[in-house]
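Here are a few notes to help you find your way around this structure. They look at how its parts meet, one contact at a time.

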Amino acid sequence: MSATFTFTIDGKEIKGQPGQTIMEAAEAAGVYIPRLCYSKDLRPHGSCRVCTCMVNGRPQAACTQPAAEGMVVENNTDELQAIRRDLVEMLFVEGNHFCPFCEKSGNCELQAMAYRLGITAPKFPYLWPDRSVDASHPEVFIDRNRCILCGRCVNASKDADGKNVFQFVGRGEHKRVAVNAEANLADTDLKGTDRAVAVCPVGAILVKHKGYATPVGRRSYDQKPIGSEIESKRK
Amino acid sequence: MVTNASTTAGTRKITIEPVTRVEGHGKVTLHLDEKNNVSQARLHIVEFRGFERFIQGRPYWEVPVIVQRLCGICPVSHHLAAAKAMDRIVGGENLTPTAEKMRRLMHYGQMFQSHALHFFHLVSPDLLFGFDADPAVRNVIGVAAKFPDLAVQGVMMRKFGQEIIKATAGKKIHGTGAIPGGVNKNLSVQERDFFLKDMEQMLAWARSALSIAKDYTAEHLAELKDFGSFESNHLSLVRKDGAMDLYHGVLRAVDAKGERVLNDVDYQEYAKHIAEEVRDWSYMKFPFMKSVGPEKGWYRVGPLARLNTADFIDTPEAEAARKEFKAVTGGKPNNITMAYHWARMIECLHSAEKINDLLHDKDLQGTDLVTKGERREEAVGLIEAPRGTLFHHYRVNKQDQVTMANLIVSTTNNNEPMNRAVQKVAQDCISGKPEVTEGLLNRIEVAIRAYDPCLSCATHAMGRMPLDVEIHDCEGKVVDRRQRD
């Protein structure tokens, strides 16, 4: 096995293993790089760009960029945080996100990221897109109003579940997650226990009948901001 | 503010907009003829809400959380009414003891804080300073300056109720505690003890507030008896044994003499008994009992109606107070509009007694929170909200989506009565008077405030409110206007 190497993130020395991305090495060292589309154990998608860092002076997605000896990575800078805020704000205005009644509130990575980045209200105009819901499946409800096109469900269904239930269709503002069936989700072999359902970071793919079973105060991000679990590993 | 009704021609129209010290936004229009006699008096609700339409297509378990956004004052009522309907959708209407008692605690906490807010902050300026007092003093700031203890009591009682809501629903406003078939949390021993330490004080303040309301009504009975008053039907839920029950029961209505009009019917069948009339000048519908018809079938809801329908109250201090209340009318229904305040404070004490009982009940620490049964596709949920009976009716398809919703909120039920109160006060106090003073116009608002209406269910303002009164001539031209910013 090859030897470990070192690089820096915001001046802090990080040990990297061959084959690790910047994101993986940072996480192992207890350094949190904000992210939305990335999910541990899934192939990185590199689409949301929230994890963008300056790597040797150039912007790179930390979830896809391999770490290397001597790299100089900037992560927590005012400029990058401002870019991340803009990216997250755009996700909010491009969809129809109503946190006040969304059952994912408190467990939603998009909402938690907005809180972490200090977003109070988007400065961009809301687009109010016309998006569909799919309630046909007995166990799973799809609400495309809340989809941020992270691609986790697409990858998880293919790689973890071996089913290929979800796929992107369309381009640009018309891009959406489609189901691999003649008509609706009920026509696929998706199960409520599939990884593709569990990995959704927002309230777009939901296990039915669960709703608000977890009380306010005990949800994932009620007590600590997103990323705290990684930062708590820092020595 | 004083309006000097000097006019140049014919009939006049006086507009009071917004009506102050009520929840939400409404206006009153008065039409006066050449001799200053009131020819028409109406309360207009200028709210518009699209909830019944835009929850269509949403999954049923979202509904108790969405619909409570109708209101920031008593969202618990909508939360629980919708949850009660969804209990039936999942076949879980027979709640576990812990679930039912947690919901009741939430509800009594809300009733306690809402009644306290209304009495101390919205109504007390009229009672303490008089209807004609300078509006610069006749507000909550004036109360705080002259009666600081009362103002503090109002704040602390509201805080206590709000904390109970937080402990049961997760948040003070717009929580998630009630879920289809139950609740998502119990009450910890620490939470219980937090409330128990203040319980005696809350009971004492509730008794004190009741005394103020009772003494005021007794002292001013001669003038209040006819003030905005009229005979009407009264409707509410009652427990099956006839006790007052603010959370659950059967529908009972009595007429002005106390004869039963609705005899303890199952509210799942409310549509057989209640219909709603649409009138072209108001966004709000006018409900009535079908068996009597739209002309005479309208009814009052809220504290006064509940005191008139219930046979007894199952907490001792509120029951003693109820007997005193009933003695004023010889046991017959009380039709005095201003008696709402007295009735409301009886309920406030009742809620405090109920909270005290529940806090001593170990079922609140139980862990069996949710129950389910046979799925249904249609259900009705009713509750006695602070302002009166609240109806929620839903249909849900096999894919779990809401396909129909009908909500009759408390203030809608009181639409006709509030209009009658406005007409009565306008006829008695304003008609034929050469000058329409601010104090006379305030009397109209006093009558409306007695009903504690929640006009837009989303806005909330109190204290020194903007007031805009316009006087129009018969051609619609503004001949006089007085504003307070």
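1. A good place to start is inside chain B, where the C-alpha centres of domain 1 of chain B and domain 2 of chain B are 26 Å apart. To make their contact, domain 1 of chain B contributes 38 residues and domain 2 of chain B contributes 39 residues. Please keep in mind throughout that this is a predicted model.

2. To find the two domains on screen, colour chain B by residue number. Domain 1 of chain B is made of two stretches, 12-48 and 418-484. Domain 2 of chain B likewise takes in two stretches, 51-181 and 188-412.

3. How much area is buried between domain 1 of chain B and domain 2 of chain B? The value is about 3400 Å², and carbon and sulfur atoms give 59% of that area.

4. Next come the charged and polar pairings between these domains. There are 3 salt bridges across the interface of domain 1 of chain B and domain 2 of chain B. A salt bridge worth displaying joins Asp452(B) to Arg387(B), with 3.4 Å between the closest N and O atoms. The interface of domain 1 of chain B and domain 2 of chain B also has 11 residue pairs in polar contact.

5. Which elements supply the side of domain 1 of chain B that touches domain 2 of chain B? Strand 3 (38-45), helix 14 (415-430) and helix 15 (438-449) of chain B each bring at least two residues to it. By class, the residues on that side of domain 1 of chain B are 18 nonpolar, 7 polar and 13 charged.

6. Now turn to the contact between the chains. Chain A gives 19 residues to it, and chain B gives 19 residues. The area buried between chain A and chain B is about 1700 Å², with 59% of it on carbon and sulfur atoms. Three residues are worth picking out here: His209(A), Tyr212(A) and Val216(A) supply 37% of the area that chain A buries against chain B, more than any other three residues.

7. Last, the pairings between the chains. How many salt bridges cross the interface of chain A and chain B? There are 3. Lys208(A) and Asp400(B) form a salt bridge through their side chains, at 3.1 Å from N to O. The interface of chain A and chain B also holds 8 residue pairs in polar contact. On the side of chain A that touches chain B, the residues are 9 nonpolar, 5 polar and 5 charged.

Terms used: Residues numbered from 1 in each chain as written. Chains lettered and ligands numbered in written order. Predicted model: local features only at pLDDT ≥ 70, side-chain atom pairs only at ≥ 80, totals over all residues. Heavy atoms only, no water. Domains from an automatic or database assignment. Contact = heavy atoms within 4.5 Å. Buried area = accessible area lost by both parts, 1.4 Å probe. Salt bridge = Lys/Arg side-chain N within 4 Å of Asp/Glu carboxyl O. Polar contact = N/O pair within 3.5 Å; in protein donor to acceptor, adjacent residues only side chain to side chain. Helix = DSSP H or I, 4+ residues; strand = E, 2+ residues; numbered from the N terminus. Nonpolar A, V, L, I, M, F, W, Y, C, P; charged D, E, K, R; others polar.
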